[in-house]
Amino acid sequence: MNNNQIRQADAGHDNTWADAYLPAPAEYVPQASPAPPMFDTAWLRGALFRQRWVIGVSILIALVTGIVVFLLTEPTYEASATVQVSARGSNITEGQEILETREKLDVVLMTQGEIIKSRTMAYEVASRLNDGALNGILGKDVDENRPSNLSDEQWEERKLTMAAQALQGGVEANIPQQSKIIEIQYRSGDPVRSAAIANAYLDAFVASDAKRNVMSNAYARQYLSEQIEEVRDKLKVSEAEANAYAQNVGIVTQATEEGEASTTIRSANLISINEALAEAKATRIKAEQRWRATEDVPATQLPEFQRNAAIQNLVAERARLNGELSLLMQRYDEQFPDVVDLKSRISLLDRQIEGTSADIKATIRNEFEIARRQEAALEGELAEATGAAMEEQGLTGEFEVLEREAAALREQLKSLLDRYNAVSTAANVQSGTVLPLDRAAVPKSPVSPKLLRNLTVSFVIGLAIAGGLALAREIFIDQLRRAEDIEERLGIPFLGLTPLVDSPFADDEDSDQFHTLVEAYTSIRGTIDYSIPRDGVLIQLTSSQPSEGKSTTALILAELFARMGRKTLLIDADMRKPSIRKLLDVPDTGTGLTEVLLGHAALEEATIEGLHENLSVLTLGGKPTNPSEAISSERFQHILHECRGKYSLVIIDTSPVLGLADAPEIAKLVDGTIFVVQANRTSINQARTAVKRLSDVGGKVIGAVLTMYKALEAGEDYRYQYRYYEYGSSR
């Protein structure tokens with residue numbers, strides 16, 4: 001069979017298997033990574049474990065640095081004195097308290113705190129200290145550095161200025177949130193000096209407040225005195241102008257109650273007549289209504305008639321006489337003397353009753369007439385008073401302006417006098433807005449350095465640095481670590497993973513490590529077996545770089561497939577660094593793949609049999625002088641074709657992809673390639689480049705196996721990841 005026939009036969013075999021099991025070869029394009037979850041806890045756990053030494057060393061260095069700083073830092077002592085601050089103050093003019101005393105308390109306290117920390121207050125405190133305290137602040141050798149061109153007074157002034165600068169840098173005013181207490185704090189290396197300076201600040205602050213109060217009260221009294229004199233002079237002038245104008249135009253005013261505006265005599269007269277006219281008009285209307293109501297009514301029906309006792313007596317007497325007359329008329333005639341007498345008396349009573357009734361109605365009419373005449377008279381008086389008032393109104397406009405100005409000046413003068421008396425009284429009893437509470441005591445322990453605080457700060461800083469270094473390492477050292485990385489980052493199927501063990505070929509096959517490793521490879525073998533046909537299959541195993549476990553994977557998979565009953569051949573085609581013979585620990589017979597390629601030995605002579613049932617091994621033998629030419633030769637293709645016809649499965653262990661042409665050349669000849677990746681070592685770029693090279697030459701990458709997997713570095717629990725391998729095993 002010639003070379004073309006071999007290629008046609010292999011091509012026919014490939015097409016049959018590839019069409020059923022593998023996708024057509026295409027240009028390798030890495031798949032875009034899907035959007036990561038909001039928070040990948042597995043990645044975080046793995047990153048923490050991978051960078052544990054970086055994190056631990058960084059934190060340890062930070063803690064040691066904190067301890068060293070604590071030991072080398074001189075202790076600092078803090079003394080505190082407290083004062084009470086009120087928000088009130090001296091107000092000079094009426095209404096000023098609306099603007100000043102309603103300030104928020106925190107503004108007042110912040111202002112007082114800035115006063116405590118001011119340069120002026122520091123200079124005042126420095127002037128209160130003795131020479132020993134000043135030398136303690138400036139240093140004992142301060143006088144030795146005195147410039148020669150300064151006099152004693154100038155040098156003392158210079159020392160006070162330098163001491164004030166030092167004091168200003170060490171004092172703090174602690175402003176509370178919900179109280180009026182300010183804490184004056186001072187820090188220095190000497191506890192006694194700290195307490196002395198804090199108390200000096202307390203005394204100077206209280207004294208400066210009292211001084212400000214005295215100056216404020218003196219200024220207030222002086223200012224109010226000047227204002228009172230000025231307003232008094234203006235009032236005299238204003239009153240004189242108003243009186244002169246009233247005399248010139250003949251305006252006469254009358255005294256009024258305090259707070260009321262003064263009025264003229266004519267205006268008051270007009271008001272009085274107008275009020276009297278209104279009252280007379282109301283009286284007339286009432287009398288007229290009464291007369292109109294009683295004019296046509298008989299007098300006997302009027303309430304006055306009914307209430308008049310004299311009339312009622314006359315009516316009763318007439319009734320009695322009429323009764324006697326009736327009795328007499330029954331027995332006598334009208335000429336009887338007693339009858340005539342009774343009639344005469346009755347007639348007299350009738351005339352008296354009628355006269356009294358007429359007098360009642362006349363009285364009502366007279367009341368109406370009197371009211372009407374009074375109203376008419378008052379209307380005349382009102383007309384005259386109105387004319388006089390109208391005549392005066394044209395003259396009182398200027399007078400009212402002058403009078404209002406004088407009234408305003410009187411009110412202003414009264415207010416200033418009241419304020420002056422209040423300020424004078426307060427000046428005698430006011431103690432100021434600052435009251436001392438607690439004086440500073442000598443501190444017993446330093447406030448810094450604090451070991452616990454230093455360690456806490458160091459730990460936080462170390463943790464931040466460790467986090468930054470760990471994150472940088474995770475970003476720049478981008479390696480394949482998890483099963484998800486194979487499919488997401490390389491874009492090829494994931495076949496399985498194998499854990500990291502001390503030795504993949506343990507002497508004790510009952511050990512846990514051996515059992516776990518075999519179970520992992522068994523799972524991988526099952527995945528591969530499900531994807532390939534039963535006879536004549538060529539499978540290549542390669543990796544991106546050396547020592548990623550491809551030879552071990554090839555050997556174990558060959559053994560596992562052989563145990564399934566499949567006739568398997570393992571070929572060591574890594575002509576640069578063969579390792580199958582060492583892994584099997586078989587003697588070097590000097591015959592292998594190289595000798596078969598050179599024609600020095602037949603395939604059956606170079607193949608090692610009897611290691612395991614159904615397993616044959618073809619080691620490399622001698623190393624060829626030109627591995628690339630040997631692999632690309634037609635003889636190598638003949639050997640593969642021959643192996644395809646004799647074995648159900650041929651597993652070829654080849655050299656790494658990067659930097660070598662061996663693996664891509666073999667990838668063109670085999671049915672599929674298994675890509676081996678070592679976890680936590682192979683970079684993503686290297687793996688992508690290797691897979692792309694295999695795909696570019698037409699190789700069919702079945703999938704990838706992740707070897708030497710470390711569950712903890714991947715963020716997984718090792719026992720959780722592999723406990724299904726141990727199911728049913730005795731422990």
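This passage walks through the overall make-up, nonpolar cores, central strands, salt bridges and surface patch of a predicted model.

Taken as a whole, the protein chain has 25 helices and 14 strands. Of its 731 residues, 39% are buried. The accessible surface adds up to about 40,400 Å², and carbon and sulfur atoms account for 53% of that. Contacts reach a long way along the sequence: counting those between residues at least 6 apart, 81% join residues at least 24 apart.

Turning to the inside, the largest nonpolar core has 34 residues, and the members that touch the most others are Val-83, Ile-116, Leu-129, Leu-167 and Tyr-201. Several elements chip in with two or more residues, among them β1 (77-85), α5 (105-116), α8 (152-170), β2 (171-174) and β3 (181-188). Helix α9 (191-249) is also on that list, and it supplies the largest share, eight residues. There is also a second, separate core of 32 residues, and its members include Leu-517, Ala-554, Leu-557 and Leu-649.

A look at two residues gives a feel for the packing around the first of these cores. Leaving out residues up to four places away in sequence, Ile-116 touches Met-121, Val-171, Ala-173, Ile-182, Ile-184, Tyr-201 and Phe-205. One of those partners, Val-171, sits in strand β2. Val-171 counts as buried because its relative accessible area is 2%, with the cut-off for buried set at under 20%. Beyond its neighbours within four places in sequence, Val-171 is in contact with Ile-116, Lys-117, Ile-184, Gln-185, Tyr-186 and Tyr-201. Ile-184 is 13 residues from Val-171 in sequence, while their C-alpha atoms are 7.2 Å apart in space.

Strand β9 is another well-covered piece, with five of its five residues buried. In a regular strand, side chains alternate between the two faces of the sheet. In β9, Thr-568, Leu-570 and Asp-572 point one way, Leu-569 and Ile-571 point the other way, and all are buried. The strand has partners in β11 and β12. Four bridges join β9 to β11 (residues 615-618), and these two strands run parallel. The pairing of β9 with β12 is parallel as well, over five bridges. Leu-570 features in both pairings: it stands opposite Val-617 in β11 and opposite Ile-651 in β12.

As for charged side chains, a search of the whole structure turns up 18 salt bridges. Side chains of opposite charge can pair when their charged atoms come close. One such pair is Lys-550 with Asp-653, at 3.2 Å from N to O. This pair ties together distant parts of the chain, 103 residues apart, with Lys-550 in helix α17 (residues 550-563) and Asp-653 in strand β12 (residues 649-653). Both ends are tucked away: Lys-550 is buried with a relative accessible area of 6%, and Asp-653 is buried at 0%. The pair is also part of a network of salt bridges that links Lys-550, Asp-574 and Asp-653.

A second long-range link joins Arg-576 and Asp-662, whose side chains meet at 3.1 Å, N to O. Here the partners are 86 residues apart, with Arg-576 in the loop between β9 (568-572) and α18 (580-584) and Asp-662 in helix α23 (residues 662-667). The two ends differ in cover, since Arg-576 is partly exposed at 33% relative accessible area, whereas Asp-662 is buried at 0%.

The salt bridge between Lys-646 and Glu-642 is a local affair, with the closest N and O atoms 3.0 Å apart. Both residues lie in helix α22 (residues 634-646), four residues apart, or about one turn of the helix. Lys-646 is partly exposed, with a relative accessible area of 33%, and Glu-642 is partly exposed too, at 29%.

Finally, there is a nonpolar patch on the outside. Leu-60, Val-64, Ile-67, Val-68, Leu-71, Leu-72 and Leu-451 make up this surface patch of about 660 Å². Helix α3 (residues 52-72) gives the most to it, with six residues. Val-68, which lies in α3, is partly exposed, with a relative accessible area of 38%. That value is over the 30% a residue needs to join a patch, so Val-68 clears the accessibility cut-off at 38%.

Note on methods
Residues are numbered from 1 along each chain as its sequence is written. This is a predicted model: local features need pLDDT of at least 70, side-chain atom pairs count only at pLDDT 80 or more; totals for chains, interfaces and linings use all residues. Side-chain values use heavy atoms; hydrogens and water are left out. Buried means under 20% relative accessible area, exposed over 50%, partly exposed in between (1.4 Å probe, protein chains only). Contact means heavy atoms within 4.5 Å. Accessible areas come from the Shrake-Rupley method with a 1.4 Å probe; for residues, only the protein chains shown count as cover. Patches are made of residues with over 30% relative accessible area and no salt bridge: like charges are joined within 9 Å, nonpolar side chains (Val, Leu, Ile, Met, Phe, Trp, Tyr) within 5 Å. A salt bridge is a side-chain nitrogen of Lys or Arg within 4 Å of a carboxyl oxygen of Asp or Glu. A nonpolar core is a set of buried Ala, Val, Leu, Ile, Met, Phe, Trp, Tyr and Cys residues joined through side-chain atoms within 4.5 Å. Two strands pair if DSSP finds at least two bridges between them.
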